[in-house]
Amino acid sequence: MKNILVINRKGGVGKTLLCDELAFALDTRQIPYNFYDLDGQGGQIHEPCEMPGAAISIIDTPGALQAEMGEWIKDADVIVVPMRPTTTDMPATEVTLQLIRDNAPHTPVVYVVNGVNRFRATQEFMEFFTEEHPHDRVYLIPQSEAFVQAKLANESVQDYNPKGYPAIAMKEFTDAVLGFIGVVR
């Protein structure tokens, strides 16, 4: 079983959105998967499930520090760390990053900045983050109404508006994560 862990102890950073988009990417490829909602707040399009023949698990975690986080991190094959482009969110994110360094220093980590826009806060955040993590790949997901509209339609943003920048950015992210666990395009 290959585990994709989407984690940040900070809430409201887009963990559930990314889990849904990863599930949509596997749906499109007709690859069975398990979908676990450890957050319990709901809001996802995909219901928690265990599919027959699944070799991949997508794990949506809560936006709060949990005693089990270290074990979840140890069991992950790829770790997705979503964050918002504000420096005020970084202290909580840094706690998550330290847990990853302590429990799975060799596991691939995919950083995702959700809600990127052209304004100063985003620019300052990106300068700060790239200075702190100069060698890490960061995926930028734009702030867009397309995500809200796609969710209302129970669709992936890639299906809702496939030529839009949000869909292109999300496809780049989902392809990268699935590539880490051996799923080809």
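User: Why is Val-95 called partly exposed, rather than buried or exposed?

Analyst: In this predicted model, Val-95 has a relative accessible area of 30%, and since buried means under 20% and exposed means over 50%, with partly exposed in between, Val-95 counts as partly exposed. The residue is found in helix H3, which spans residues 90-103, and, leaving aside its neighbours within four places in sequence, Val-95 is in contact with Arg-9 and Leu-65.

User: What makes Arg-9 partly exposed, and where is the place of Arg-9?

Analyst: Arg-9 has a relative accessibility of 29%, a value that falls between the limits of 20% and 50%, and therefore Arg-9 counts as partly exposed. Its place is in the loop between strand S1 (2-6) and H1. Arg-9 and Gly-63 are 54 residues apart in sequence, yet 4.4 Å separates them in space, C-alpha to C-alpha, while the C-alpha atoms of Arg-9 and Val-95, 86 residues apart along the chain, are separated by 7.5 Å. Beyond its neighbours within four places in sequence, Arg-9 has contacts that include Pro-62, Gly-63, Met-69, Val-95 and Thr-96.

User: Why is H1 called roughly perpendicular to H7?

Analyst: The axes of helix H1 (residues 15-28) and helix H7 (residues 165-180) come within 10 Å and cross at roughly 75 degrees. Because angles of 65 to 115 degrees count as roughly perpendicular, that crossing makes H1 roughly perpendicular to H7. By class, this contact has nine nonpolar, one polar and one charged residues; on the H1 side Leu-17, Leu-18, Glu-21, Leu-22, Ala-25 and Leu-26 take part, and on the H7 side Met-170, Phe-173, Thr-174, Val-177 and Leu-178.

User: Which residues have the most contacts inside the largest nonpolar core?

Analyst: That core has 30 residues, and those with the most contacts inside it are Ile-4, Ile-58, Val-80 and Phe-173. Among the elements that each supply at least two residues of this core are S1, H1, strand S4 (56-60), strand S5 (78-83) and H7. A second, separate core of 22 residues includes Ile-79, Ala-104, Val-113 and Met-126. As for Phe-173, its contacts outside its neighbours within four places in sequence are Leu-18, Leu-22, Val-80, Val-110, Val-112, Tyr-139 and Ile-141.

User: How do you know that Cys-19 and Cys-49 are too far apart for a bond?

Analyst: The sulfur of Cys-19 is 12 Å from the closest cysteine sulfur, which is in Cys-49, whereas a disulfide requires sulfur atoms within 2.5 Å, so the separation is too far for a bond. Seen from Cys-49, the closest cysteine sulfur is that of Cys-19, again at 12 Å, and the count comes to zero disulfides. Cys-19, at 0% relative accessibility, counts as buried, while Cys-49, at 24%, counts as partly exposed.

User: What makes Gln-30 exposed, and what is the phi of Gln-30?

Analyst: Gln-30 has a relative accessibility of 73%, and because exposed means over 50%, Gln-30 counts as exposed. The residue is found in the loop between H1 and strand S2 (34-37), and it has a positive phi of about 55 degrees although it is not a glycine. Most residues other than glycine have a negative phi.

User: How do you know that Asn-154 counts as exposed?

Analyst: At 52% relative accessibility, Asn-154 is over the 50% limit, and so it counts as exposed. Its place is in the loop between H5 and helix H6 (157-160), and its phi is near 55 degrees, a positive value in a residue other than glycine.

Technical notes: Residues numbered from 1 in each chain as written. Predicted model: local features only at pLDDT ≥ 70, side-chain atom pairs only at ≥ 80, totals over all residues. Heavy atoms only, no water. Axes fitted to C-alpha atoms, helices over the stretch in contact; angles between N-to-C directions. Helix = DSSP H or I, 4+ residues; strand = E, 2+ residues; numbered from the N terminus. Parallel < 35°, antiparallel > 145°, perpendicular 65-115°, else oblique. Contact = heavy atoms within 4.5 Å. Nonpolar A, V, L, I, M, F, W, Y, C, P; charged D, E, K, R; others polar. Buried < 20%, exposed > 50% of the residue type's maximum accessible area, 1.4 Å probe, protein only. Core = buried A, V, L, I, M, F, W, Y, C linked by side-chain atoms within 4.5 Å.
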